[in-house]
Amino acid sequence: MKPEDLLQRLSPTHTQKCTIGCPVLDRFLGGGIPCNSITELVAESGCGKTQISLQLLLSAQLPTSLGGLSGSSIYLYSESPFPVRRLHQLSSSFPTLHNPLDQILTHPLHSAHHLFDVLSQLDSLLSSRRDSPSSPPIKLIVIDSIAALFRFEFENNPRDLKQRSGLFFRISSKLKEQARRFGLAVVVINQVVDVMNDSDGLRIGNSTCLYTSERKVCAALGLSWANCVNTRLFLSRQEERVAQEVNGDDCFNTQTQRFIRVAFAPHLPDSYCEFVITGEKIFGLER
């Protein structure tokens, strides 16, 4: 095989992807969430990161002809309780799926070390489901959220920070190994922290810092964790006052605008897309 042919086969454009459930957002992401790697969603509360995760749990069950992965999912959560009611409501937007909640496995997480232990025990399950003639293979793992697991387990001293970084790489290495071995899409939810001064805004990816709700923020867990993920997508929100005339009087309503931006990715340019949450689904807006 010629070298250029090998590079073409290894190109991200040939990697299987999972639809988000919206053609506009799928085009923005080059086809959807890629398999064989880790995609991180970074956002403050209320931006839609959990909504996208739940939508992916259902989209993954769609046949590949419809952009899905023809598989089931695992949802590992540290933010209790698991939003089962919200997921049930969202499932009504996927009428072609039969008992979709039966194809979503859930498990609570108590600490970062517990996450690593759970991932280590998943190998046998992933293998058995891949080889099972009666059950669909597991094709998606969602972790919600990674920052919460490290919040109270480590102190801010050199010894603990070194141990924390080591655990970052152990967790991410295990996830990448499973993603490549079993063809999984891995989605990790992360939170943001405020940037207090310019020295805190270390440049990672396409910008030094990011903005949401008129605040300067950056992803939690710092540079060490940023080096552990393949793709980082940043979700943000801003409030806009819109003037309306009611019975001859001027009134102002507040509307929320939401955006998704590529912070860094090996296969996507620096770009952004506005999206809305209508009913129970997320839809991207054409620019």
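**View 1. Aspartate 123, a buried residue in a predicted model.** Aspartate 123 comes out at 15% relative accessibility, so it counts as buried, the cut-off being under 20%. Keep in mind that the whole model is predicted. The residue belongs to helix H5, which spans residues 112-131. Skip the neighbours within four places in sequence, and aspartate 123 is in contact with Lys174, Gln178, Arg181 and Phe182. Take the last of these: phenylalanine 182 is 59 residues away from aspartate 123 in sequence, yet their C-alpha atoms are 9.4 Å apart in space.

**View 2. Phenylalanine 150 and its ring partners.** How many aromatic pairs does the structure hold? The count is seven. One of them joins phenylalanine 150 to phenylalanine 154, and this pair is stacked, with 5.9 Å centre to centre and 20° between the planes. Both rings belong to buried residues: phenylalanine 150 has a relative accessible area of 4%, and phenylalanine 154 is at 12%. Phenylalanine 150 also pairs with phenylalanine 168, this time edge-to-face, at 4.8 Å centre to centre and 70° between the planes. That second pair links distant parts of the chain, since phenylalanine 150 sits in helix H6 (residues 146-150) and phenylalanine 168 in helix H7 (residues 158-182), 18 residues apart. Phenylalanine 168 has 0% relative accessibility, so it counts as buried too. Zoom out a little and Trp225 joins in: Phe150, Phe154, Phe168 and Trp225 make up one aromatic cluster.

**View 3. Two charges over rings.** Here are a lysine and an arginine, each with a ring beneath its charge. Lysine 281 lies over the face of phenylalanine 94, 4.8 Å from the ring centre. In the other case, arginine 287 puts its charged end over the ring of tyrosine 272, at 4.1 Å from the centre.

**View 4. Strands E4 and E5, with a helix on the way.** Which way do strand E4 (residues 72-77) and strand E5 (residues 104-108) pair, parallel or antiparallel? They run in the parallel sense, and five bridges hold the pairing. For one of the residue pairs, look at tyrosine 77, whose bridge partner in E5 is proline 108. Between the strands, the chain leaves E4, passes through helix H4 (residues 84-91) and arrives at E5, a β-α-β crossover that is right-handed. A handy reminder when looking at side chains here: in a regular strand they alternate between the two faces of the sheet.

Technical notes: Residues numbered from 1 in each chain as written. Predicted model: local features only at pLDDT ≥ 70, side-chain atom pairs only at ≥ 80, totals over all residues. Heavy atoms only, no water. Helix = DSSP H or I, 4+ residues; strand = E, 2+ residues; numbered from the N terminus. Buried < 20%, exposed > 50% of the residue type's maximum accessible area, 1.4 Å probe, protein only. Contact = heavy atoms within 4.5 Å. Phe/Tyr/Trp six-rings, centres within 6.5 Å; stacked < 30°, edge-to-face > 60°. Lys NZ or Arg CZ within 6 Å of the ring centre and 35° of its normal. Pairing = 2+ DSSP bridges. Right-handed = clockwise from strand over helix to strand, strands pointing away.
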